[in-house]
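This report concerns the interior of a protein and the packing of its helices. Please examine the sequence and the structure shown below before reading on.

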Amino acid sequence: MAYVLAVTWTAKAGNEEAVHDLLRQLGDASRQEPGVINYVTHVDPENPREFFIYEMYHDADGLEAHQQTEHFQELVLKRAIPLLEARVRRYFVDF
């Protein structure tokens with residue numbers, strides 16, 4: 001059963017480029033993880049402060065492993081979150 005996480009980030013004004021760069025790094029590293037099926041990052045073309053991340057894992061353990069990686073800890077928790085105005089996460093499973 002695939003496990004999906006749909007995430008929306010809204011960057012604080014003036015932090016768009018920094019968040020974009022962090023997401024590029026995060027996507028490159030995350031796609032190398034064995035538990036990841038797909039990891040795609042997007043930016044709203046009409047609102048460059050808003051980002052959408054589509055993450056698909058083989059199972060919930062894959063997501064848990066992702067959140068424990070060095071790149072997640074550094075790029076998301078330490079560097080990106082302080083630059084964000086909002087972070088919304090929604091979980092889905094296939095049926």
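In this predicted model, 13 residues line the largest cavity, and Leu5, Val7, Glu55, Phe72 and Arg87 are the ones that lie nearest its centre. The space within this largest cavity amounts to about 80 Å³. A search of the whole structure finds one cavity of 30 Å³ or more.

Which elements each supply at least two residues of the lining? They are strands E1 (3–11), E3 (47–57) and E4 (84–93), together with helices H2 (60–67) and H3 (70–80). Strand E1 provides the largest share of the lining, namely three residues.

Helix H3 also packs against helix H1, which comprises residues 16–30. The axes of the two helices come within 10 Å and cross at roughly 160°. Because angles over 145 degrees count as roughly antiparallel, H1 is described as roughly antiparallel to H3. The crossing of these two helices is left-handed. On the side of H1, the contact is made by Leu22, Gln25, Leu26, Ala29 and Ser30. On the side of H3, His71, Phe72, Leu75, Val76, Arg79 and Ala80 take part.

The table sets out the residue classes for the cavity lining and for the helix contact.

| Region | Nonpolar | Polar | Charged |
|---|---|---|---|
| Lining of the largest cavity | eight residues | two residues | three residues |
| Contact of H1 with H3 | seven residues | three residues | one residue |

Phe72 belongs to both settings: this residue is among those nearest the centre of the largest cavity, and Phe72 of H3 also takes part in the contact with H1.

Conventions:
Residues are numbered from 1 along each chain as its sequence is written. This is a predicted model: local features need pLDDT of at least 70, side-chain atom pairs count only at pLDDT 80 or more; totals for chains, interfaces and linings use all residues. Side-chain values use heavy atoms; hydrogens and water are left out. On a 1 Å grid over the protein atoms alone, a cavity is a set of points where a 1.4 Å probe fits but cannot get out, and a pocket is an open set with protein on both sides within 12 Å along at least five of seven lines; lining residues have an atom within 4 Å of a point. Grid points are joined across faces, edges and corners, and a volume is the space filled by probe spheres set on the points. Helices (H or I, at least four residues) and strands (E, at least two) are DSSP runs, numbered from the N terminus. Ala, Val, Leu, Ile, Met, Phe, Trp, Tyr, Cys and Pro count as nonpolar, Asp, Glu, Lys and Arg as charged, and the others, Gly among them, as polar. Axes are lines fitted to C-alpha atoms, for helices over the stretch in contact, and angles run from 0 to 180 degrees between N-to-C directions. Angles under 35 degrees count as roughly parallel, over 145 as roughly antiparallel, 65 to 115 as roughly perpendicular and the rest as oblique. A crossing is left-handed if the near helix is turned anticlockwise from the far one by less than a right angle, and right-handed if clockwise. Contact means heavy atoms within 4.5 Å.
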